[in-house]
Amino acid sequence: MRALRTAIYGLAIAGVSSALLGGCATTSQREMAQEVRLARAEAHQQYESRKDREDQQQPRVSGKLGLEDSVKLAMAHNKMLQQTMEEREAARGGVVGSRSAYLPSVGVTGQYQRLDEVSSFEIDTPEGKQTLQLGDVDNYSIALTVTQPIYAGGAISARVRAARLMSLYADQTVRAATQDVVYAAQSAYYDLLLSQHLVQIAEEDVRSAQAHLQTVEKRRAGGVVSDFDVLRAQVELSNYEANLLRARNAINISRANLIKILGISQESDFVLSDEFVFTPMQISMDDAVEAAFKNRPDLYSQEIQIRQQREQLRIARSRYLPTLNGYFTNTWAKPDPKSFASPTIEWGDTWQAGFQGAWPIFDGFQREGAIIQEKARLRQAELGLVAIEETALYELTQALLSVENADEFVRSQQLNLKRAGEGLRLAEVGYDQGINTQVELIDAQAALTTARVNYYQAIYQHVEAKLAVRRAMGTIVESGPAAEAKEAGRTTIETDAGAASGAK
């Protein structure tokens, strides 16, 4: 009878399962596609609401914006940096969790068991035969167990040290991300500043071309020049207007990039207050290498990774050593676990305490395989440190050479800008006196435009090269306008640029 009841229960469960599976299988492909479309539409709505909330939370910047303020905004509101900051909290959680290995663990278990029948036997008593049953149909038990690790072959302390090293690794990850954000913010600031100067040059070229066209039209009305000269002036004006459109498009892109890096609202309305500064950089290769070895976050991270791998090797070797734990268990049960036969079923308890030890003798070479793997990873980490050091040396060499080349380029363009300005002045005087032709005047104007563009690009490349040096040394966070002002030989650009503008 009991077997028949069990078979009926099994058939009922199987039937219900088949019905559920059959209902799931009846979902058509069209319904699945509709669900996917609805999910994507809901995702878009969530994006719109999230975007509105982010726009409201992002600060709006107006007025003058300096380079130092840009760095502060980026460090406070850059989303990638904020995301990386959470690595510190995750590492802190690992340290807290690793300490629990030293503490005892407490567990509570409960159990209920229902028996169809209980064994019993009869005994003879003065009153007659009496039936005693062994146990009860309903059995309950609750157990409290406390386990205290005593020795684990050094694995516990190794795990704690590895967690602390991971916290240090997270600090270096945040520091590296901070340097990247600061570099990106400063580079984007200078990129927007260069775009602004290129727009100013293009606007001045357009105004100059418009004034020249008006002069040529007046001379044609007086019969001095031909229609070809007017047409040539019109073509030159159209070319300068096309350059202005491209420059304005570039400045919009540069502005959007800076806003994104700073993490501020796209509705911000600001003007850059800092100017390009040409400051020759005086640093030797030996000093740069020393700074890089002492400051680069990637070198620190790799050093920490080597030490972490050593701890992992200790953990693998600990599997050859025994483990020892102390334990205490208290059990409450009904029937009383101390009574094997009782006419009355009551609650009772029992306890036990002791030590548990284990020393694995053979585990199929798994321990030896793990040690071989950890040794190989340790060697990889050590070789990785050498590779990063070589990369640092290469980046420093490349950056310092770029600074030298940019320095020479700036000095050459300073002189060339003065020459181009003087050339345009002479061409304008000669054209007014009828000595120079219109083509010569247009060539002189184009030469000045090229010289001004090259000049600002040279300054921009010099500033970017110095940023690359500081980034390669790992000291870019300490750089900024205040550090720039302390360097010797400070020279602003505005003197030569103003002279060139006045020459026009």
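A residue counts as buried when its relative accessible area is under 20%. R296, at 6%, is therefore buried, and this arginine returns below among the salt bridges. The structure described here is a predicted model, and a helpful place to begin is with the chain as a whole.

The protein chain contains 12 helices and 10 strands. Of its 504 residues, 34% count as buried. Contacts across the sequence are plentiful: among those with a separation of 6 or more, 81% are between residues 24 or more positions apart. The chain exposes about 30,200 Å², and 55% of that area is supplied by carbon and sulfur atoms.

Turning to the interior, nonpolar side chains tend to be buried together in soluble globular proteins. In this model, the largest nonpolar core has 60 residues, and the members that touch the most others are Y190, L258, L262, F270 and F276. Two or more residues come from each of α3 (67–77), α5 (155–221), α6 (227–262), β6 (269–272), α9 (366–432) and α10 (438–473). Helix α5 gives the most to this core, with 18 residues. For a reader exploring the model, Y190 is a convenient residue to look at. Setting aside neighbours within four places in sequence, Y190 is in contact with L67, F276, Y460, V463, E464 and L467. There is also a second, separate core of 13 residues, with A291, L396, L400 and V403 among them.

The surface has a nonpolar feature of its own. V108, Y112, Y140, I142, W332 and W347 make a nonpolar patch of about 640 Å². Strands β2 (105–114) and β5 (138–151) each supply at least two residues of this patch. V108 is placed in strand β2. With a relative accessible area of 61%, V108 is exposed, because the cut-off for that class is over 50%.

Another exposed residue is W359, in the loop between β9 and α9. Its relative accessible area is 54%. Beyond its neighbours within four places in sequence, W359 is in contact with Y320, L321 and P322. The C-alpha atoms of W359 and L321 are separated by 6.5 Å, although the two residues are 38 apart along the chain. The side chain of W359 also reaches the backbone oxygen of Y320, at 3.0 Å.

The backbone holds a point of interest at P335. Most peptide bonds are trans. The bond from K334 to P335, however, is cis, with omega near 5°. P335 sits in the loop between β8 (323–334) and β9 (348–358).

Charged side chains add further links, and 19 salt bridges are found in the whole structure. One of them joins R471 and D180, whose closest N and O atoms are 3.0 Å apart. R471 belongs to helix α10 and D180 to helix α5, so this pair ties together parts that are 291 residues apart in sequence. R471 is partly exposed at 36% relative accessibility, and D180 is partly exposed at 37%.

The buried arginine from the opening takes part in another salt bridge: R296 pairs with E395, with the closest N and O atoms 2.9 Å apart. This pair, too, links distant parts of the chain, as R296 lies in the loop between α7 (285–295) and α8 (297–317), E395 lies in helix α9, and the two are 99 residues apart. R296 is buried at 6%, whereas E395 is partly exposed, with a relative accessible area of 30%.

A salt bridge within one helix is formed by R379 and E382, with the closest N and O atoms 3.7 Å apart. These residues are three apart in helix α9, which means that about one helical turn separates them. R379 is partly exposed at 48%, and E382 is partly exposed at 26%. Elsewhere, salt bridges that share partners join R161, E311 and R314 into one network.

Definitions and conventions
Residues are numbered from 1 along each chain as its sequence is written. This is a predicted model: local features need pLDDT of at least 70, side-chain atom pairs count only at pLDDT 80 or more; totals for chains, interfaces and linings use all residues. Side-chain values use heavy atoms; hydrogens and water are left out. Helices (H or I, at least four residues) and strands (E, at least two) are DSSP runs, numbered from the N terminus. A nonpolar core is a set of buried Ala, Val, Leu, Ile, Met, Phe, Trp, Tyr and Cys residues joined through side-chain atoms within 4.5 Å. Buried means under 20% relative accessible area, exposed over 50%, partly exposed in between (1.4 Å probe, protein chains only). Contact means heavy atoms within 4.5 Å. Patches are made of residues with over 30% relative accessible area and no salt bridge: like charges are joined within 9 Å, nonpolar side chains (Val, Leu, Ile, Met, Phe, Trp, Tyr) within 5 Å. Accessible areas come from the Shrake-Rupley method with a 1.4 Å probe; for residues, only the protein chains shown count as cover. A salt bridge is a side-chain nitrogen of Lys or Arg within 4 Å of a carboxyl oxygen of Asp or Glu. A polar contact is a pair of N or O atoms within 3.5 Å; within protein, one must be able to donate a hydrogen and the other to accept it, and residues adjacent in sequence count only if both atoms are side-chain atoms.
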